[in-house]
Amino acid sequence: MKKIQISPSILSADFSQLGNEIKRLEDAGADMIHVDVMDGHFVPNLTIGPPVIKTLRKHSELTFDVHLMISPVHKYIKDFADAGADIITIHPEATDNLAESIKHIKSFKKKVGISLNPNTEINIIENELKNVDLILVMSVYPGFGGQKFIPDVIKKIELLKKIKDDKNYEYDIEVDGGINFSNSKDVINAGANILVSGTTIFKENNGNIKKNIETLKEV
Ligand code: DX5
Ligand code: ZN
């Protein structure tokens with residue numbers, strides 16, 4: 001079984017202190033940093049773009065796990081690659097040609113992820129599973145932190161794990177949205193090996209990030 005990794009979402013961080021917040025996450029044992037990019041079009045919220053990622057890049061050596069909730073996404077891939085993203089995850093609904101966008105991300109030597117909303121079935125990306133490094137299973141509808149986990153996605157995680165094992169695929173299974181201490185074990189046991197969390201990591205145990213990261217990893 002792959003080591004469980006935690007990718008804290010900076011959507012729940014203090015945006016006026018993002019450089020320090022990323023340092024705090026790294027010192028507390030985060031395995032990577034989940035950067036939620038929102039355009040107010042693909043999702044009803046707006047966050048940060050390439051210029052902010054570029055300035056954050058010098059604050060940490062950690063993997064920048066960049067979740068692009070933007071559409072159209074293809075024409076912005078280079079900007080995020082140049083800004084220092086390490087993993088670039090896109091939503092299939094945000095590109096006219098998923099295969100081409102995957103190739104484009106790889107052309108910058110970046111890892112590529114595909115994100116599935118709760119109502120997006122695996123079969124629409126079946127042909128690309130062999131070509132990607134990560135599947136980001138959304139356990140909330142994207143746009144905001146602090147939402148309630150949608151338990152139905154557990155079945156999708158189990159199916160992705162079965163396909164991965166049956167076909168010997170390499171992709172990581174990352175789950176994103178409403179992850180807390182009462183569902184993290186279910187998500188891990190279903191087959192996820194990377195957990196994204198914003199609210200739980202920044203708010204639980206009086207904001208003891210180290211303790212929250214360690215607790216989420218427990219199986
Ligand atoms: C939602 C984002 C998630 C979110 C996770 O659109 O993709 O990464 O920030 O935050 P919590 O853990 O608070 O649900
Ligand atoms: Zn996210």
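Which backbone oxygen does the side chain of Asn-183 reach? The backbone oxygen of Gly-178, at 2.9 Å. This is a predicted model, so treat what follows as a tour of computed geometry. The main stops are a zinc ion (ligand 2) held by two His and two Asp residues, a second ligand that the protein covers almost entirely, at 99% of its own accessible area, and a handful of backbone oddities.

**The zinc site**

- Four residues coordinate the zinc ion (ligand 2): His-34 through NE2, His-67 through ND1, and Asp-36 and Asp-176 through OD, with distances of 2.1 to 2.3 Å.
- The site has six donor atoms, and with angles of 72 to 175° among them it comes out as octahedral.
- For comparison, the ideal angles for six octahedral donors are 90 or 180 degrees.
- Read along the chain, the donors of the zinc ion (ligand 2) follow the spacing H-x1-D-x30-H-x108-D.
- His-34 sits in strand 2 (residues 32–38) and His-67 in strand 3 (residues 63–69), so this pair ties together parts that are 33 residues apart in sequence.
- His-34 is buried, at a relative accessible area of 0%, and His-67 is buried too, also at 0%.

**Ligand 1 and its surroundings**

- There are 20 residues around ligand 1, and the ones that come nearest are Asp-36, Gly-143, Asp-176, Gly-198 and Thr-199.
- Two of those names, Asp-36 and Asp-176, also turn up as donors to the zinc ion (ligand 2).
- Thr-199 puts a polar side-chain atom 2.4 Å from an oxygen atom of ligand 1.
- Gly-198 works through its backbone instead, with an N or O atom 2.7 Å from an oxygen atom of ligand 1.
- His-67, already met at the zinc ion (ligand 2), has a side-chain N or O atom 3.2 Å from an oxygen atom of ligand 1.
- On its own, ligand 1 has 380 Å² of accessible area, and the protein covers 99% of that.

**Around Asn-183 and helix 6**

- Back to the opening residue: Asn-183 lies in the loop between strand 7 (172–176) and helix 6 (184–190).
- Despite the loop address, Asn-183 is buried, with a relative accessible area of 6%.
- Ser-184 belongs to helix 6 and counts as buried at 0% relative accessibility.
- For a sense of span, the C-alpha atoms of Ser-184 and Gly-49 are 29 Å apart, with their positions 135 residues apart along the chain.

**The aromatic pair**

- How many aromatic pairs does a search of the whole structure find? Just one.
- That pair is Tyr-169 with Tyr-171: the ring centres are 6.1 Å apart and the planes meet at 50°, so the pair is tilted.
- Tyr-171 is buried, at 0% relative accessible area.

**Backbone oddities**

- Some background for this group: most residues other than glycine have a negative phi, and most peptide bonds are trans.
- Ser-71 and Pro-72 are joined by a cis peptide bond, with omega at about -5°.
- Pro-72 is in the loop between strand 3 and helix 3.
- Lys-109 has a positive phi, near 60°, without being a glycine.
- You'll find Lys-109 in the loop between helix 4 (98–107) and strand 5 (111–116), where it is exposed at 76% relative accessible area.
- Asn-206 is another non-glycine residue with a positive phi, this time near 50°.
- Asn-206 is in helix 7 (residues 199–207) and is exposed, with a relative accessible area of 83%.

**In and after strand 3**

- Thr-63 lies in strand 3 and is partly exposed, at 28% relative accessible area.
- From Thr-63 to Pro-92 is 29 residues along the chain and 23 Å between C-alpha atoms.
- His-74 is in the loop between strand 3 and helix 3 (77–83), and at 31% relative accessibility it counts as partly exposed.
- His-74 and Ala-99 are 25 residues apart in sequence, and their C-alpha atoms are 11 Å apart in space.

How values were computed. Residues are numbered from 1 along each chain as its sequence is written. Chains are lettered from A and ligands numbered from 1 in the order in which they are written. This is a predicted model: local features need pLDDT of at least 70, side-chain atom pairs count only at pLDDT 80 or more; totals for chains, interfaces and linings use all residues. Side-chain values use heavy atoms; hydrogens and water are left out. Donors are N, O and S atoms within 2.8 Å of the metal (3.2 Å for Na, K and Ca); water is not among the atoms, so sites may look incomplete. Four donors count as tetrahedral if all angles lie between 85 and 135 degrees; four count as square planar and six as octahedral if opposite donors are over 155 degrees apart and all others between 65 and 115; anything else is irregular. Helices (H or I, at least four residues) and strands (E, at least two) are DSSP runs, numbered from the N terminus. Buried means under 20% relative accessible area, exposed over 50%, partly exposed in between (1.4 Å probe, protein chains only). A residue is near a molecule or strand if one of its heavy atoms lies within 4 Å of it. A polar contact is a pair of N or O atoms within 3.5 Å; within protein, one must be able to donate a hydrogen and the other to accept it, and residues adjacent in sequence count only if both atoms are side-chain atoms. Accessible areas come from the Shrake-Rupley method with a 1.4 Å probe; for residues, only the protein chains shown count as cover. Rings of Phe, Tyr and Trp (its six-membered ring) pair if their centres lie within 6.5 Å; planes under 30 degrees apart count as stacked, over 60 as edge-to-face and the rest as tilted.
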